[in-house]
Amino acid sequence: EIMPGLVVLGRRWRVAADDLVCPGAVLGVAKGAWSGVLAAYVAHVEVRFLLVESTCAAASGVAAALLVVLLLAVTSTALLALTSLDARQGAMLDTEVRRRVPWLVAWWWRLQAGEVVA
């Protein structure tokens, strides 16, 4: 039997929930590593420019922007992990256990748009 396609944003896509497990896990690990790098850099910027006397007038703006990007990256990583976990549950035609997957995918795409803008 064929797994039913996901319905996201009112449209049926030619991808099923079980197709999202491995890509979501790999991307989640990569985004988790990226979040760690960002967290280290934010800590460096905070210590270097904000806690120590700085002559850079834009230091607080840079730190705030980096914090927003870090928050988006961490939230995106959490959504990817939840998507991977939810997408691998249940039997092929048991769509009830994967009912959150379309919602998680839609929110993940919104966060990606936010990361691009930020």
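Is Trp107 buried, exposed or partly exposed? With a relative accessible area of 39%, Trp107 is partly exposed. Bear in mind that this is a predicted model.

I'll stay with Trp107 for a moment. Trp107 has a partner in Trp103, and both lie in helix α3, four residues apart, about one turn of the helix. The two rings form a tilted aromatic pair, 6.3 Å centre to centre with 55° between the planes. Trp107 also meets a charge: the charged end of Arg110 sits over the Trp107 ring, 4.7 Å from its centre.

The structure holds two aromatic pairs. Besides Trp103 and Trp107, there is the pair of Trp108 and Trp109, with ring centres 5.1 Å apart. Their planes are at 70°, so this pair is edge-to-face. Trp108 is buried at 13% relative accessible area, whereas Trp109 counts as exposed at 54%.

Now the salt bridges. The count is two.

One joins Glu115 to Lys31, with the closest N and O atoms 2.9 Å apart. This pair links distant parts of the chain, since Glu115 is in helix α3, residues 101-117, and Lys31 is in helix α1, residues 21-51, 84 residues apart. Glu115 counts as buried at 18% relative accessibility, and Lys31 is buried too, at 9%.

The other joins Asp86 to Arg100, and here the closest N and O atoms are 2.7 Å apart. Asp86 is in helix α2, residues 59-87, while Arg100 is in the loop between α2 and α3, 14 residues apart. Asp86 counts as buried, with 7% relative accessibility. Arg100, at 41%, counts as partly exposed.

Methods:
Residues numbered from 1 in each chain as written. Predicted model: local features only at pLDDT ≥ 70, side-chain atom pairs only at ≥ 80, totals over all residues. Heavy atoms only, no water. Salt bridge = Lys/Arg side-chain N within 4 Å of Asp/Glu carboxyl O. Helix = DSSP H or I, 4+ residues; strand = E, 2+ residues; numbered from the N terminus. Buried < 20%, exposed > 50% of the residue type's maximum accessible area, 1.4 Å probe, protein only. Phe/Tyr/Trp six-rings, centres within 6.5 Å; stacked < 30°, edge-to-face > 60°. Lys NZ or Arg CZ within 6 Å of the ring centre and 35° of its normal.
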